[in-house]
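This report is meant for a reader meeting the structure for the first time. Please look through the sequence and the model below before going on to the sections that follow.

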Amino acid sequence: MNEGSNNNNNNNKPKINVPRPNLTWLYVLIALVFGWLWFTGDEGSATKEVNYTEFKEMVSKGYADKIIAYDNNTLEVFIKPDHIVDVFKKDAEKVGRSPAVTVRIGSMESFDKFINEQQDNGNFTGSIQYEEKSEYFGMLFWNLLPIVFFIVLWIFLMRRMGGGAGAGGASNVFNVGRSKAQLFEKGTNRITFKDVAGQAAAKQEVQEIVDFLKQPQKYTELGGKIPKGALLVGPPGTGKTLLAKAVAGEADVPFFSISGSDFVEMFVGVGASRVRDLFRQAKEKAPCIIFIDEIDAVGRARGKNPSMGGNDERENTLNQLLTEMDGFGSNSGVIILAATNRVDILDKALLRAGRFDRQIYVDLPDLNERKEVFGVHLRPLKLDDTVDVDLLARQTPGFSGADIANVCNEAALIAARHQKKSVGKDDFLAAIDRIVGGLEKKTKVMTAAEKRSIALHEAGHATISWFLEHANPLIKVTIVPRGRALGAAWYLPEERQITTKEQMLDEMCATLGGRAAEELFIGHISTGAMNDLERVTKQAYGMIAYAGMSDKLPNLCYYSSTDEYSFTKPYSERTAEMIDREVQNMISEQYTRAKELLKEHSEGHNQLAQLLIEREVIFAEDVERIFGKRPWTSRSEEIMAETKTIEAEEEAPKQLGADKETAELPTDEKEGNGKEEAADNKENPTADKTQE
């Protein structure tokens with residue numbers, strides 16, 4: 001056993017990545033050396049070319065210190081330090097350590113005769129050297145030096161532009177057409193469907209792809225073909241990328257992950273080149289999965305919004321992607337998964353059968369799925385006994401998996417901020433309030449009249465919603481400013497698959513309760529109801545123009561999902577006036593209804609408003625003490641009750657089987673089991689409560 005565990009540990013040890021040496025400093029050093037040699041020349045000296053007459057004059061005046069005679073009839077005359085100014089004039093300050101002049105002579109015989117005369121006269125006392133001069137190497141060196149210098153400089157700049165060394169080699173201009181996909185080799189991806197909470201329908205859809213990759217002969221024997229691809233569609237944060245990783249983990253095949261924006265580059269043709277390179281690598285690793293996240297970056301419908309040349313490059317990338325997915329070539333064993341939350345803008349050719357054979361909707365989690373997601377994200381937290389997962393799931397309708405993870409993290413931060421040892425129910429409620437409504441602003445200054453106006457407004461919402469059957473159940477009401485709101489009423493929204501007209505009207509009436517309370521009990525209205533009016537107006541237009549819930553315009557829908565780029569109304573001006581009148585009448589009716597309900601329960605409303613002024617925050621229990629128990633049960637509570645009943649029914653046969661096995665045991669074993677259970681209950685009293 002020990003040897004096996006040691007072997008496993010050795011296999012699981014992470015590979016040590018030896019850092020690649022950074023050669024940037026070497027390029028810089030070489031460039032500096034070449035530059036120094038180029039600008040300094042021979043021994044750091046300055047040279048000046050003179051004619052033979054000037055040379056004879058300099059020698060006769062005693063300026064020459066040393067003369068080198070070359071076999072190509074040229075002389076190099078080094079000047080004495082005392083006479084540099086006489087020879088180089090204004091440039092004397094710029095000369096190097098050993099300044100010299102060059103002279104071209106007619107013949108070596110005439111030079112020898114002249115120099116012998118000057119030596120006899122005492123004008124030249126220096127040395128004379130006779131050398132052979134080969135100019136081939138020098139010419140080659142000084143001609144190639146600037147070329148080499150600029151090549152080294154160009155390579156250095158290109159490396160800097162390319163972003164240095166990347167995974168698998170230098171990410172420079174030479175491999176800009178290479179795919180940027182990240183490869184997860186077989187066995188390295190440990191994410192499975194167990195790590196994806198909820199999304200039972202989506203997991204069932206992609207399970208077939210896993211079966212195709214694991215047992216392709218099961219389907220090919222019947223004449224079926226492996227699907228080319230699947231498109232994961234859904235709102236942000238619902239787990240599309242996680243689901244794709246789980247598919248690769250379950251199938252245990254290589255997994256290429258790339259973003260749609262990784263195909264886009266400033267160079268023309270790079271996107272199509274990267275698509276070709278990606279599919280080439282995938283064919284070598286087949287069977288495998290290619291996952292393209294946010295495919296709408298390259299898959300946008302062609303010809304919709306042409307722009308100055310940039311659109312052509314994106315369309316070329318899309319055309320190459322379409323060809324690779326289903327063209328003349330064969331992609332046997334390569335399955336493409338893609339994710340987007342904007343499927344409506346994708347090109348129709350991308351969505352046809354044979355490319356993305358199926359669209360899998362990864363929707364926002366429902367009530368029971370949110371409970372599962374909370375279970376995943378609550379595992380690492382230290383919780384106390386007050387946390388109710390059912391309540392948290394009911395209080396977060398419309399939350400995605402990412403939102404729920406944010407709630408759990410925010411609750412832990414709030415608990416730590418208050419020096420708590422564990423995270424409690426209040427921390428989670430505060431976290432939800434923080435995410436939905438914004439940060440509390442207790443320092444905002446308000447007068448007593450403003451505070452009373454806000455309290456009456458929020459009490460109006462609470463009172464109306466309490467007495468309407470289809471209004472959302474109330475959780476708490478506050479007049480503490482939060483975000484941009486001066487006050488807020490928190491409800492437990494009902495999750496409905498379909499919504500009736502009566503339900504929508506009740507919600508509209510409850511939303512107008514704040515403005516109605518201001519008019520009734522203060523005598524004037526304020527800007528505090530702007531958000532309420534905006535919501536009500538949009539809801540009314542939706543009911544009449546889209547849902548066909550108008551008495552004068554029944555069963556008519558003026559909405560079309562295909563008219564995204566249309567700027568014309570699909571109805572006449574006369575119809576538009578009728579829609580406006582119907583919206584106005586609907587809102588007026590619900591506003592009058594809200595005022596009548598408030599008049600009927602004015603005493604309880606005033607008690608509620610006064611309690612709000614005193615305590616700033618009140619809960620459903622406080623409203624229940626004033627108005628009595630709400631006569632209707634919420635739909636969420638009914639779903640939770642049904643779920644618990646189903647779970648209890650599923651658990652009953654298992655418990656019955658366990659009881660039968662215990663009954664068949666000998667008497668001694670029964671007594672032993674009973675003693676052990678009793679001991680366990682003494683050590684863990686909460687287990688008793690859970691079983692009860």
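## A charge over a ring, and ring pairs

Lysine 66 lies over the face of phenylalanine 78, at a distance of 5.6 Å from the ring centre. As with everything described here, this comes from a predicted model.

Rings also meet one another, and the count of aromatic pairs comes to six. One stacked pair is formed by phenylalanine 255 and phenylalanine 291, whose rings are 6.2 Å apart centre to centre with 15 degrees between the planes. Phenylalanine 255 belongs to strand β10 (residues 255-259) and phenylalanine 291 to strand β11 (residues 288-293), so this pair ties together parts that are 36 residues apart in sequence. Phenylalanine 255 counts as buried at 2% relative accessibility, and phenylalanine 291 is likewise buried, at 1%. Elsewhere, ring pairs link Tyr52, Phe55, Phe111 and Phe114 into a cluster.

## Salt bridges

The model has 16 salt bridges. In one of them the side chains of lysine 61 and glutamate 57 meet at 3.0 Å, N to O; lysine 61 is partly exposed, with 46% relative accessibility, and glutamate 57 is partly exposed as well, with a relative accessible area of 41%.

Another salt bridge joins aspartate 277 to arginine 280 at 2.6 Å, N to O. These two residues are three apart in helix α10 (residues 270-285), and are therefore separated by about one helical turn. Aspartate 277 is buried, with a relative accessible area of 8%, whereas arginine 280 is partly exposed, with 38%. A network of salt bridges links Asp277, Arg280 and Glu284. A buried partner is also found in the salt bridge between aspartate 427 and lysine 420, where the closest N and O atoms are 3.0 Å apart: aspartate 427 is buried at 3% relative accessibility, while lysine 420 is partly exposed at 41%.

## Positive phi angles

Most residues other than glycine have a negative phi. Against that background, glutamine 199 has a positive phi near 55 degrees. Glutamine 199 is placed in the loop between β8 (182-184) and α7 (200-214), and with 9% relative accessibility it counts as buried.

Glutamate 294, which is not a glycine either, has a positive phi of about 50 degrees. Its place is the loop between β11 and α11 (296-299), and glutamate 294 is partly exposed, with a relative accessible area of 35%.

## The largest nonpolar core

In soluble globular proteins, nonpolar side chains tend to be buried together. The largest nonpolar core in this model has 27 residues, and those with the most contacts inside it are Ile464, Leu468, Met508, Met543, Ile579, Met586 and Ile587. Two or more residues are given to this core by each of α19 (501-511), α20 (513-521), α21 (530-546) and α22 (573-600). Which helix gives the most to this core? The largest contribution is that of α22, with eight residues.

## A nonpolar patch at the surface

Nonpolar side chains also occur at the surface, where Leu144, Ile147, Val148 and Ile151 make a patch of about 320 Å². One of these residues, isoleucine 151, is in helix α6 (residues 135-162). Isoleucine 151 is partly exposed, because its relative accessible area of 45% falls between the 20% below which a residue is buried and the 50% above which a residue is exposed.

Key
Residues numbered from 1 in each chain as written. Predicted model: local features only at pLDDT ≥ 70, side-chain atom pairs only at ≥ 80, totals over all residues. Heavy atoms only, no water. Patch = residues over 30% accessible without salt bridge, like charges linked within 9 Å, V, L, I, M, F, W, Y side chains within 5 Å. Areas by Shrake-Rupley, 256 points an atom, 1.4 Å probe, with all protein chains shown as cover. Salt bridge = Lys/Arg side-chain N within 4 Å of Asp/Glu carboxyl O. Helix = DSSP H or I, 4+ residues; strand = E, 2+ residues; numbered from the N terminus. Buried < 20%, exposed > 50% of the residue type's maximum accessible area, 1.4 Å probe, protein only. Phe/Tyr/Trp six-rings, centres within 6.5 Å; stacked < 30°, edge-to-face > 60°. Lys NZ or Arg CZ within 6 Å of the ring centre and 35° of its normal. Core = buried A, V, L, I, M, F, W, Y, C linked by side-chain atoms within 4.5 Å.
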